[in-house]
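Please look over the sequence and the model shown here before reading the briefing that follows.

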Amino acid sequence: MSESIAELETALKTLGKGSPWDEDIKVSDEFLTPLFELYFNKLSLPNLMSKKSFYELAHHVPEHEISPEIGEKLDAIVAVAESATPV
């Protein structure tokens, strides 16, 4: 995986798209999708990590590394959902 990450980092820089660690990159489309395609291709396996499964990656991120903004946005979504009335 580390090798695939390094390759993709180099490719993004070559294409002038910056770093996958920049805040302005759309990580799901410009980094994670090609990363898992590359990684599973190297393993000669089908890609087992589709975009719809990316939420599973959050379980592997230490809580202290998750931006407080994420919690704020999720709390706002919950507040809206709780205030909704059935039609």
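Helix 3 is hardly covered, for among its 16 residues the count of buried ones is zero, where buried means under 20% relative accessible area, exposed means over 50% and partly exposed lies in between, with a 1.4 Å probe and protein chains only. Helices are DSSP runs of H or I with at least four residues, numbered from the N terminus. This is a predicted model, in which local features need pLDDT of at least 70 and side-chain atom pairs count only at pLDDT 80 or more, while totals for chains, interfaces and linings use all residues. Residues are numbered from 1 along each chain as its sequence is written, and side-chain values use heavy atoms, with hydrogens and water left out.

**Helix 3 and the nonpolar surface**

- The 16 residues of helix 3 should span 22 Å at 1.5 Å a residue, and its end C-alpha atoms, which are 23 Å apart, agree with this; the expected span is 1.5 Å times one less than the number of residues.
- L74, which lies in helix 3 (residues 68-83), joins V61, I66, I70 and I77 in making a nonpolar surface patch of about 430 Å².
- Such a patch is made of residues with over 30% relative accessible area and no salt bridge, with nonpolar side chains (Val, Leu, Ile, Met, Phe, Trp, Tyr) joined within 5 Å; a salt bridge is a side-chain nitrogen of Lys or Arg within 4 Å of a carboxyl oxygen of Asp or Glu.
- Accessible areas come from the Shrake-Rupley method with a 1.4 Å probe.

**The nonpolar core**

- The largest nonpolar core has 10 residues, namely L8, L12, I25, F31, L32, L35, F36, F40, M49 and F54; a core is a set of buried Ala, Val, Leu, Ile, Met, Phe, Trp, Tyr and Cys residues joined through side-chain atoms within 4.5 Å.
- Helix 1 (2-14) and helix 2 (27-42) are the elements that give two or more residues to this core, and helix 2 gives the most, with five residues.
- Leaving aside residues up to four places away in sequence, F54 touches S28, L32, T33, F36 and M49, a contact being heavy atoms within 4.5 Å.

**Two serines**

- S4, placed in helix 1, is buried, with a relative accessible area of 1%.
- Not counting residues up to four places away in sequence, S4 touches L35, L38, Y39 and K42; S4 and L35 are 31 residues apart in sequence and 6.5 Å apart in space, C-alpha to C-alpha.
- S44 lies in the loop between helix 2 and helix 3, and counts as exposed at 67% relative accessibility.
- Phi of S44 is near 55°, a positive value in a residue other than glycine.

Note on methods: Patch = residues over 30% accessible without salt bridge, like charges linked within 9 Å, V, L, I, M, F, W, Y side chains within 5 Å.
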